[in-house]
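Here is a walk through a structure you may not have met before. Keep the view open beside you and follow along as we go from one part to the next.

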Amino acid sequence: MTHPVASAEPAAGAPDTVKILIAGGFGVGKTTMVGSVSEIAPLRTEEPLTIAGLEVDDLKGIEEKRSTTVALDFGRITISADLVLYLFGTPGQQRFWFMWNDLAVGALGAVVLIDVRRPESSFAAIDFFERRCIPFVVAVNGFDGLHPYPTEEIRESLALPPHVPVLLCDARERESCRDVLIALIDRLIDDADEVGLHPSPTR
């Protein structure tokens, strides 16, 4: 398994940096997750939803949503003294999916956020990363702090293979989001060990 990586070697003593995508369907909590876990003020490209957008954006189950990401969200989190993650939240609406290919360049892994009220909204994200052989974990965002389904039931409904971690989280809680990112890093390490590779960090 290969992943796009930068050729430049990190400077001596500098932390490794890794590009991670936060993806999923429209309104699953991507912007919230990036904002909750980022140690810097997140860059957001949110715009108010308009009447014209109602004709193309499905608000079923998220009728209270008032804004949407039109380009990307960006944040940063230091996992340890020698590892920093750069987080790129993808836009959720289908009309902005053309941007995903550009955002995926240099990404070593991804978090696919799932809303159990609308699991079908994240099928496209799962397919996107599977087709590109980009490792990912699935994080089930518990809106209102509720998780009505166990992870194995969610795995079965999404037809996920056993090696893809499925985690319960709350996109509003920093520690919960950090645990999801650590699980993704663990998967990247495991995948690298299996094939005898250790991907270089992006810069």
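In this predicted model, helix 4 (residues 151-158) has buried residues that pack against four elements: strand 6 (109-114), helix 3 (123-131), strand 7 (136-141) and strand 8 (166-169). Which residues of helix 4 are buried? They are Ile154, Arg155 and Leu158. These three cover an arc of only 100 degrees around the axis, so they end up on the same side of helix 4. Swing around to the other side of helix 4, and you meet Glu152, Glu156 and Ser157, which are exposed. Just past the end of helix 4 sits alanine 159, with a positive phi of about 55 degrees.

Now turn to the strands, with strand 5 (residues 83-89) as our guide. Strand 5 is mostly covered, with six of its seven residues buried. How do its partners run? Strand 1 (residues 16-24) lies parallel to strand 5, and seven bridges join the two. If you'd like a spot to look at, find isoleucine 20, whose bridge partner in strand 5 is leucine 87. Strand 4 (residues 73-80) also pairs with strand 5 over seven bridges, but in the antiparallel sense. Here you can pick out isoleucine 77, which has leucine 85 as its bridge partner in strand 5. Getting from strand 4 to strand 5 takes a hairpin of two residues.

While you're at strand 4, look for aspartate 73, which belongs to this strand. Is aspartate 73 buried or exposed? Its relative accessibility is 1%, and since buried means under 20%, aspartate 73 counts as buried. Its side chain has company: a polar contact of 2.6 Å links aspartate 73 to the side chain of threonine 31.

That contact takes us over to helix 1 (residues 30-37), which is mostly covered, with six of its eight residues buried. Threonine 31 is one of those buried residues, along with Lys30, Met33, Val34, Ser36 and Val37.

Last stop: the cysteines. How many disulfides does a search of the whole structure find? The count is zero. Take cysteine 177, which is in no disulfide: the nearest cysteine sulfur belongs to cysteine 169 and is 5.7 Å away, while a disulfide needs the two sulfur atoms within 2.5 Å. Cysteine 177 has 0% relative accessibility, so it counts as buried. Cysteine 133, by contrast, counts as partly exposed because its relative accessibility is 43%.

Notes. Residues numbered from 1 in each chain as written. Predicted model: local features only at pLDDT ≥ 70, side-chain atom pairs only at ≥ 80, totals over all residues. Heavy atoms only, no water. Buried < 20%, exposed > 50% of the residue type's maximum accessible area, 1.4 Å probe, protein only. Pairing = 2+ DSSP bridges. Polar contact = N/O pair within 3.5 Å; in protein donor to acceptor, adjacent residues only side chain to side chain. Arc of directions from axis to C-beta. Contact = heavy atoms within 4.5 Å.
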